[in-house]
Amino acid sequence: MLRRNFSLVPGGEYSIEVDPRTVDETRLETLARLGFNRLSFGVQDFDPTVQKAVHRVQPAEQVFALVAPRGALASNRSTSTSFTACPSRRPNPSTAHWPR
């Protein structure tokens, strides 16, 4: 469908945002086959309190398993990953709760 409606330029960057709660390696492989070579995982925050408040509970391990070198997109060298985050609703938000 994408190639039928759009001309993909060789070497172009084609991005899509995915919800780490609903995507799996099979879907990531399909997206790569369709030509997507950049992903944005819709991670709002890794703090469980914030996740619950914004109704987006997703364990960090679940997200990192999709990004891990053994993941479905490891063979696509042009794939990059970004995380979209919103500031938490605390007076002094920090990244101290983010997994290292």
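## A tour from helix α2 outward

Start at helix α2, residues 25–34. Select D24 and T26: a side-chain oxygen of D24 comes to within 3.2 Å of the backbone nitrogen of T26, at the start of the helix. Keep in mind that this is a predicted model. Now go to the other end. G35 sits just after α2 and takes a positive phi of about 115°.

**Zoom out**

Show the whole chain as a cartoon. The protein has 4 helices and 3 strands. Their order along the sequence is α-β-α-β-α-α-β. Switch to a surface. The protein exposes about 6,800 Å², and carbon and sulfur atoms supply 55% of that area. Of the 100 residues in the protein, 32% are buried. Next, draw the contacts between residues at least 6 apart in sequence: 65% of them join residues at least 24 apart.

**Strands β1 and β2**

Select residues 15–18 for β1, and 38–41 for β2. Strands β1 and β2 run parallel, joined by 4 bridges. Pick S15 to see one pairing: its bridge partner in β2 is R38. Then trace the connection. From β1 the chain passes through α2 to β2, and this β-α-β crossover is right-handed.

**The largest nonpolar core**

Which residues make up the largest nonpolar core? Select V18, V23, L28, L31, F36, L39, F41, V43, F46, A60, V63 and L66, which are 12 residues in all. Colour them by element of secondary structure. At least two residues of this core come from each of α2, β2 and α4, the last being residues 60–67. The biggest contribution is from α4, with 3 residues. As background, nonpolar side chains in soluble globular proteins tend to be buried together.

**D19, after β1**

Return to the loop between β1 and α2, and select D19. The side chains of D19 and R21 share a polar contact of 2.7 Å. Leave out residues up to four places away in sequence, and D19 touches R56 and Q58. Add a distance label from D19 to the core residue V63. The two C-alpha atoms are 9.3 Å apart, although 44 residues separate D19 and V63 in sequence.

**N37, before β2**

Move to the loop between α2 and β2, where N37 is found. Is N37 buried or exposed? N37 counts as buried, because its relative accessibility is 11%, and the limit for buried is under 20%. What does its side chain meet? A polar atom of the N37 side chain lies 2.8 Å from the backbone oxygen of G12.

**G42, after β2**

Next, select G42, in the loop between β2 and α3. G42 has 0% relative accessibility and so counts as buried. Label the distance from G42 to R21, the residue whose side chain you saw in contact with D19. The C-alpha atoms of G42 and R21 are separated by 9.1 Å, with these positions 21 residues apart along the chain.

**Q51, in α3**

Step into helix α3 and pick Q51. Helix α3 covers residues 48–53. Q51 is another buried polar stop: it counts as buried because its relative accessibility is 4%. Show its side chain. One polar atom there lies 3.0 Å from the backbone oxygen of Q58. Now expand to neighbours, again leaving out residues up to four places away in sequence. Q51 touches D45, F46, R56, V57 and Q58. F46 is one of the core residues, while R56 and Q58 are the residues that D19 touches.

**H55, before α4**

Last stop: H55, in the loop between α3 and α4. Is H55 buried or exposed? H55 counts as exposed, because its relative accessibility is 65%, and exposed means over 50%. Check its backbone before you leave. Phi of H55 is near 60°, a positive value in a residue other than glycine. For comparison, go back to G35, just after α2, where phi is also positive at about 115°.

How values were computed. Residues are numbered from 1 along each chain as its sequence is written. This is a predicted model: local features need pLDDT of at least 70, side-chain atom pairs count only at pLDDT 80 or more; totals for chains, interfaces and linings use all residues. Side-chain values use heavy atoms; hydrogens and water are left out. A polar contact is a pair of N or O atoms within 3.5 Å; within protein, one must be able to donate a hydrogen and the other to accept it, and residues adjacent in sequence count only if both atoms are side-chain atoms. Buried means under 20% relative accessible area, exposed over 50%, partly exposed in between (1.4 Å probe, protein chains only). Contact means heavy atoms within 4.5 Å. Accessible areas come from the Shrake-Rupley method with a 1.4 Å probe; for residues, only the protein chains shown count as cover. A nonpolar core is a set of buried Ala, Val, Leu, Ile, Met, Phe, Trp, Tyr and Cys residues joined through side-chain atoms within 4.5 Å. Two strands pair if DSSP finds at least two bridges between them. A crossover is right-handed if, with the strands pointing away from the viewer, the path from the first strand over the helix to the second runs clockwise.
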